[in-house]
There are 2 protein chains.
Amino acid sequence: MAIATSAFQDDPDALVILERFLPYRLNVLASLSSNALAQIYAERFGLSIPAWRVIATLGQYEYRTARDIAAHGVMHKSTISRAVSALEKRGLVGRRPNPADRREELLALTEKGAAVYTALAPQALAFERQLLSVLEPGEQRVLAALMDKLTTKARALAPDEEGRA
Amino acid sequence: MAIATSAFQDDPDALVILERFLPYRLNVLASLSSNALAQIYAERFGLSIPAWRVIATLGQYEYRTARDIAAHGVMHKSTISRAVSALEKRGLVGRRPNPADRREELLALTEKGAAVYTALAPQALAFERQLLSVLEPGEQRVLAALMDKLTTKARALAPDEEGRA
DNA sequence: TCAAAGTGGTTGCGTGTGCAACGAATAGCG
DNA sequence: CGCTATTCGTTGCACACGCAACCACTTTGA
C-alpha cells in the first residue's frame with residue numbers, strides 16, 4: 001500500500017484515503033458548519049435550512065423567484081416550494097405573480113419576515129466570524145478564491161443543471 | 001448598504017451576502033460535489049451516500065465499528081446502522097462481535113464488497129482529480145491546510161459531539 | 001460486589017426530501 | 001396563427017433521515 005504524500009490523492013494504486021478525499025472532506029466540513037449554524041435559526045426561530053435560505057436570499061435581494069433561489073443554492077424546486085408555502089403561512093414571506101411572466105411568482109419578505117432577518121443576520125455573521133477566526137485575512141481571501149474555482153468546476157461537472165439538495 | 005470588499009463578510013451593517021457566506025458556500029460546493037459523485041456510486045452500483053462511506057471506510061481500514069464511521073463522517077448512528085444492514089443483506093459487508101467489548105461489532109468488507117470497492121475507488125479518485133484540475137498543486141496543498149483548520153474549529157463549535165448528517 | 005450511569009447498536013415514529021407527474025403559462029417553430 | 005416543446009411551480013408518493021426510546025453490555029464508584 002502506497003503512502004500518500006500530497007495534499008490530496010495521487011496514489012498509483014486505487015485506494016481512497018477518506019481523510020484526504022475532497023468530496024468527503026467538503027461534506028464533513030459543510031455538515032459541521034450547517035449543524036452549528038442550525039442551532040441558531042432552528043432553535044431560536046423555528047426555521048429549516050431551506051427556509052433560512054429563502055429568508056436570507058430575500059433579505060439580500062428583496063425580490064426573487066423560487067426558481068432563482070433553488071438554482072443558486074443547489075436545491076430541488078419542490079424543497080423551495082414547500083419552504084415558501086410554510087413561510088407564507090407564518091406571514092414571513094409574501095408572493096405576487098409576475099405580470100410579465102405569469103408562471104413566475106416574485107417573493108419578498110413581509111415586515112415580519114424582515115424583522116426575523118434583521119434579528120438573524122448578525123448572529124449568522126457572528127458564527128461565520130467565529131469559524132473564520134482560525135484563518136488569517138490573507139488565508140480567508142485565498143480560501144474564497146479556491147472555493148470559487150472549485151464551485152465553478154463542480155457546476156460544470158454537475159449531472160444536470162437542475163440542482164438538488 | 002455597505003459594499004463588501006473582503007473575501008468574506010465584515011459589513012458594519014448586518015446584511016448577509018450569501019455568495020460570500022462561508023457556510024452557504026460550503027454547502028453549495030459540497031452538494032455539487034456529492035451529486036456529481038453520486039452519479040458514479042448510485043447509478044452504477046446502487047449505493048447510497050452512507051453506504052458508499054461505509055464501503056470506502058472499510059476499503060481503507062479493513063476493520064472498523066459503526067460508531068467510528070458515524071463519528072468520523074458526522075453522520076447519525078442510525079444512518080450507519082441502516083446502511084450497514086442493507087450492505088449486509090447484499091453480501092457486501094460482514095460483521096462480527098468484538099470479543100473484547102461485546103457491545104461493538106467489527107465491520108469488514110466481504111470479498112464481494114472488496115470487489116465493489118476495487119471497481120469504485122479509481123472512479124472516485126478520477127472524479128476528484130477532475131474537480132481538482134482547476135487548482136495548481138500548490139493551491140491544492142493550501143486548500144487542504146485551510147480545510148483542516150476550519151474542520152478542527154467547526155468540530156469545536158459543533159452542538160454536541162454526536163454528529164449528524 | 002452491585003447498583004447506577006454510560007456506551008454501541010437497533011428500531012418505531014414523525015417529518016423532510018427527491019422524483020415524477022401534473023396544470024398553467026410561455027416560447028419556438030412550421 | 002397554431003401546435004409542440006419548455007418552463008415555473010405544486011403535489012402524491014415512496015423513501016431516507018433524525019430523534020428518542022430501547023436492549024445488551026461495560027464502566028464507574030460507593
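**Exercise 1. Place R53(A) and work out its charge environment in this predicted model.**

*Solution.*

Step 1. Start with the contacts. Beyond neighbours within four places in sequence, R53(A) is in contact with G73(A) and M75(A), and also with L18(B), Y24(B) and N27(B).

Step 2. Place the residue. R53(A) sits in helix α2 of chain A.

Step 3. Check for a charged partner. R53(A) is buried but has no salt bridge. The nearest side chain of opposite charge is that of E19(B), 12 Å away. A salt bridge needs the nitrogen and the carboxyl oxygen within 4 Å, so E19(B) does not qualify.

Step 4. Look for a polar partner instead. The side chain of R53(A) reaches the backbone oxygen of G73(A) at 2.9 Å.

**Exercise 2. Describe the interface between chain A and chain B, first by extent, then by composition.**

*Solution.*

Step 1. Count residues. On chain A, 72 residues are in contact with 71 residues of chain B.

Step 2. Take the area. The two chains bury about 7,400 Å² between them. Carbon and sulfur atoms carry 70% of that area.

Step 3. Count the polar links. Between chain A and chain B there are 24 residue pairs in polar contact, both residues being at pLDDT 80 or more.

Step 4. Assign the chain A side to elements. Those giving two or more residues to the side that touches chain B are α1 (22–45), α2 (49–61), α3 (66–73), α5 (111–132) and α6 (137–157) of chain A. The largest share comes from α1(A), with 17 residues.

Step 5. Sort by class. The side of chain A that touches chain B has 43 nonpolar, 16 polar and 13 charged residues.

**Exercise 3. Find salt bridges that cross between chain A and chain B, and give the setting of one of them.**

*Solution.*

Step 1. Recall the principle. Side chains of opposite charge can pair when their charged atoms come close.

Step 2. Get the count. There are 4 salt bridges between chain A and chain B.

Step 3. Take one. R25(A) pairs with D148(B), with the closest N and O atoms 2.7 Å apart.

Step 4. Take another. D148(A) forms a salt bridge with R25(B), and here the closest N and O atoms are 2.8 Å apart. D148(A) lies in helix α6 of chain A and R25(B) in helix α1 (residues 22–45) of chain B, so this pair joins two chains.

Step 5. Assign exposure. D148(A) has a relative accessible area of 42% and is therefore partly exposed. R25(B) has 9%, so R25(B) is buried.

**Exercise 4. Which salt bridges pair D101(A) with R103(A) and D68(B) with R67(B), and how exposed are the partners?**

*Solution.*

Step 1. Set the total. Over all chains the count comes to 12 salt bridges.

Step 2. Take the pair in chain A. D101(A) and R103(A) meet through their side chains at 2.9 Å, N to O. D101(A) has 22% relative accessibility, so D101(A) counts as partly exposed. R103(A) has 73%, so R103(A) counts as exposed.

Step 3. Take the pair in chain B. D68(B) forms a salt bridge with R67(B), the closest N and O atoms being 3.8 Å apart. D68(B) is partly exposed because its relative accessible area is 28%. R67(B) is exposed, at 59%.

Step 4. Look for shared partners. E88(A), R95(A) and E105(A) are joined into one network by salt bridges that share partners.

How values were computed. Residues are numbered from 1 along each chain as its sequence is written. Chains are lettered from A and ligands numbered from 1 in the order in which they are written. Side-chain values use heavy atoms; hydrogens and water are left out. Contact means heavy atoms within 4.5 Å. Buried area is the accessible area (1.4 Å probe) that two parts lose on being put together, summed over both. A polar contact is a pair of N or O atoms within 3.5 Å; within protein, one must be able to donate a hydrogen and the other to accept it, and residues adjacent in sequence count only if both atoms are side-chain atoms. Helices (H or I, at least four residues) and strands (E, at least two) are DSSP runs, numbered from the N terminus. Ala, Val, Leu, Ile, Met, Phe, Trp, Tyr, Cys and Pro count as nonpolar, Asp, Glu, Lys and Arg as charged, and the others, Gly among them, as polar. Buried means under 20% relative accessible area, exposed over 50%, partly exposed in between (1.4 Å probe, protein chains only). Lys and Arg count as positive and Asp and Glu as negative; His and the chain ends are not counted.
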